[in-house]
Amino acid sequence: MPKLLFSKMRFSDIKDLLPNVQRPRRIDIVLSRRRRNDSIWRPSQKLNDEACPSNLSWKADHKLDLSLEKLLRNKKYRAAFRSFLESEFSEENIDFWLACEDFRSTSNDLKWRAEKIYEEFIRPATCREINVDHSVREKIQESLKKPTRCCFDEAQKHVYLLMLRDSCPRFLHSDAYLSLKSKSRTQWYI
């Protein structure tokens with residue numbers, strides 16, 4: 001084949017030189033990403049005193065999940081994330097998640113605490129109602145008769161995934177997070 005300058009070649013000539021290679025379509029790329037990220041939850045965490053049917057692990061391999069976990073465990077990041085959620089009118093999500101974590105760690109007066117969480121976040125038409133399915137709401141209402149530490153697990157998982165997929169990515173790109181992140185980096189160098 002004679003040497004040709006690419007500037008003098010036409011696109012159809014280059015296309016003929018390439019072997020028959022199919023490029024992946026955009027929908028194939030999106031679907032393969034979804035298949036990889038389908039299993040965010042892995043049952044691995046056991047509670048101390050009782051076995052719950054829905055043992056949930058809050059950690060996974062997903063990058064955003066690790067970032068959300070970091071946000072929820074660190075006081076500075078959690079406060080910034082909460083103020084960000086307040087600006088989006090969805091601070092009840094983080095408040096419910098924290099109330100559930102506190103509920104799991106206590107062993108005394110479960111019934112009173114469970115009713116308080118239900119009245120504040122789950123009962124229909126409350127001012128801080130979280131977005132959960134009707135079936136989840138009914139399961140929680142049934143479990144309030146004899147509450148266990150894991151009675152809010154399904155709703156907590158739902159709220160966590162909502163924050164993971166919706167609020168956390170927007171927060172990680174917000175100016176508040178970026179300035180907080182840069183401040184924490186500069187403190188190490190001072």
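Where is the kink in helix α8 centred?

**View 1. The bend in helix α8 of the predicted model.** Helix α8, which covers residues 153-172, has a kink of about 40 degrees, and this kink is centred on Leu164. Leu164 itself is listed among the buried residues of α8, as is Met163 beside it in the sequence.

**View 2. Buried residues along helix α8.** Towards the start of the helix, the buried residues include Asp153, Ala155 and Gln156, and further along they include Val159, Tyr160 and Leu161. Beyond the centre of the kink at Leu164, the buried positions of α8 are Ser167, Cys168, Phe171 and Leu172. An α-helix has 3.6 residues a turn, so residues three or four places apart point the same way.

**View 3. Two cysteines, Cys127 and Cys168, and their exposure.** Cys127 counts as exposed because its relative accessibility is 82%, and the cut-off for that class is over 50%. Cys168, a residue of helix α8, has a relative accessibility of 0% and therefore counts as buried, the cut-off here being under 20%. A disulfide is a covalent bond between the sulfur atoms of two cysteines; a search of the whole structure finds 0 of them.

**View 4. The protein chain as the setting for these close-ups.** The chain contains 9 helices and 0 strands, and of its 190 residues 34% are buried. Among contacts with a separation of 6 or more, 60% join residues that lie 24 or more positions apart. The accessible surface comes to about 13,500 Å², and carbon and sulfur atoms account for 53% of that area.

Methods: Residues are numbered from 1 along each chain as its sequence is written. This is a predicted model: local features need pLDDT of at least 70, side-chain atom pairs count only at pLDDT 80 or more; totals for chains, interfaces and linings use all residues. Side-chain values use heavy atoms; hydrogens and water are left out. The bend at a residue is the angle between axes fitted to the seven residues ending there and the seven starting there. Helices (H or I, at least four residues) and strands (E, at least two) are DSSP runs, numbered from the N terminus. Buried means under 20% relative accessible area, exposed over 50%, partly exposed in between (1.4 Å probe, protein chains only). A disulfide is a pair of cysteine sulfur atoms within 2.5 Å. Contact means heavy atoms within 4.5 Å. Accessible areas come from the Shrake-Rupley method with a 1.4 Å probe; for residues, only the protein chains shown count as cover.
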